Amino acid sequence: MYGMHDAADRMLLDAVMQGDQDAWSQIVACYSGRLIAFAARQLGRRSAEAEDMVQETFIALLQSAGCAAHLRSIEAFLFVVLRRKIIDFRRRR
């Protein structure tokens with residue numbers, strides 16, 4: 001599963017909201033590697049900061065899952081949130 005489509009995203013988010021751990025595992029498995037790689041490239045290395053930011057990004061998705069109808073795609077949401085976290089991290093340094 002390299003990327004999901006809008007309908008599959010909504011189905012998975014709906015399942016997550018109903019407590020489906022397998023749906024959550026699918027989302028994490030699909031996107032975590034690419035998110036960590038993206039964060040590591042932006043930060044110049046694979047680091048604890050990159051992994052922490054990815055974890056915070058997934059938490060943001062969980063917090064927004066109730067608004068799933070407004071999300072265009074899980075992938076777009078995750079990368080936008082992560083990009084903002086990286087920008088904030090750089091500003092703090």
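Contact is taken here to mean heavy atoms within 4.5 Å. In the predicted model, Arg45 is in contact with Ala40 and Arg93 once its neighbours within four places in sequence are left aside. Arg45 belongs to the loop between H2 and H3. Its relative accessibility is 40%, so Arg45 counts as partly exposed, a class that lies between the limits of 20% and 50%.

The protein chain comprises four helices and zero strands, and from the N terminus on its elements follow the order α-α-α-α. Of its 93 residues, 41% count as buried. Among contacts in the protein chain with a separation of 6 or more, 66% are accounted for by residues 24 or more positions apart.

The packing of the helices is considered next. Two packed helices are described by the angle between their axes and the distance between the axes. For helix H2 (residues 21-43) and helix H4 (residues 74-92), the axes come within 11 Å and cross at roughly 30°. This angle is under 35 degrees, and H2 and H4 are therefore roughly parallel to each other. The crossing in which H2 passes H4 is right-handed. On the H2 side, the contact is made by Ile27, Tyr31, Arg34, Leu35, Phe38, Ala39, Gln42 and Leu43, and on the H4 side by Ile74, Glu75, Leu78, Phe79, Leu82, Arg83, Ile86, Phe89 and Arg90. By class, the residues of this contact of H2 with H4 are twelve nonpolar, one polar and four charged.

The axes of H2 and H3 come within 9 Å and cross at roughly 140°; H2 and H3 are therefore oblique to each other. H2 passes H3 in a crossing that is also right-handed. The residues of H2 that meet H3 are Trp24, Ile27, Val28, Tyr31, Ser32, Leu35, Ile36, Ala39, Ala40 and Leu43, and their partners in H3 are Glu49, Ala50, Glu51, Met53, Val54, Phe58, Leu61 and Leu62. This contact of H2 with H3 contains 15 nonpolar, one polar and two charged residues. Ala40, one of the H2 residues that meet H3, is likewise in contact with Arg45 of the loop.

Helix H3 (residues 48-64) and H4 have axes that come within 9 Å and cross at roughly 130°. H3 and H4 are therefore oblique to each other, and H3 passes H4 in a right-handed crossing. In H3, the residues Glu49, Met53, Val54, Glu56, Thr57, Phe58, Ala60, Leu61 and Ser64 meet Ile74, Phe77, Leu78, Val81, Leu82, Lys85, Ile86 and Phe89 in H4. The residues of the contact of H3 with H4 divide into twelve nonpolar, two polar and three charged.

H4 was further examined for its length and burial. At 1.5 Å a residue, a span of 27 Å is expected for the 19 residues of H4, and its end C-alpha atoms are 27 Å apart, which agrees. The buried residues of H4 are Ile74, Phe77, Leu78, Phe79, Val81, Leu82, Ile86 and Phe89. Of these buried residues, Phe79 takes part in the contact with H2, while Phe77 and Val81 are among the residues that meet H3. Ile74, Leu78, Leu82, Ile86 and Phe89 appear both in the contact with H2 and in that with H3. An α-helix has 3.6 residues a turn, so residues three or four places apart point the same way.

Definitions and conventions
Residues numbered from 1 in each chain as written. Predicted model: local features only at pLDDT ≥ 70, side-chain atom pairs only at ≥ 80, totals over all residues. Heavy atoms only, no water. Axes fitted to C-alpha atoms, helices over the stretch in contact; angles between N-to-C directions. Helix = DSSP H or I, 4+ residues; strand = E, 2+ residues; numbered from the N terminus. Parallel < 35°, antiparallel > 145°, perpendicular 65-115°, else oblique. Left-handed = near helix turned anticlockwise from the far one by under 90°. Nonpolar A, V, L, I, M, F, W, Y, C, P; charged D, E, K, R; others polar. Expected span 1.5 Å × (residues − 1). Buried < 20%, exposed > 50% of the residue type's maximum accessible area, 1.4 Å probe, protein only.
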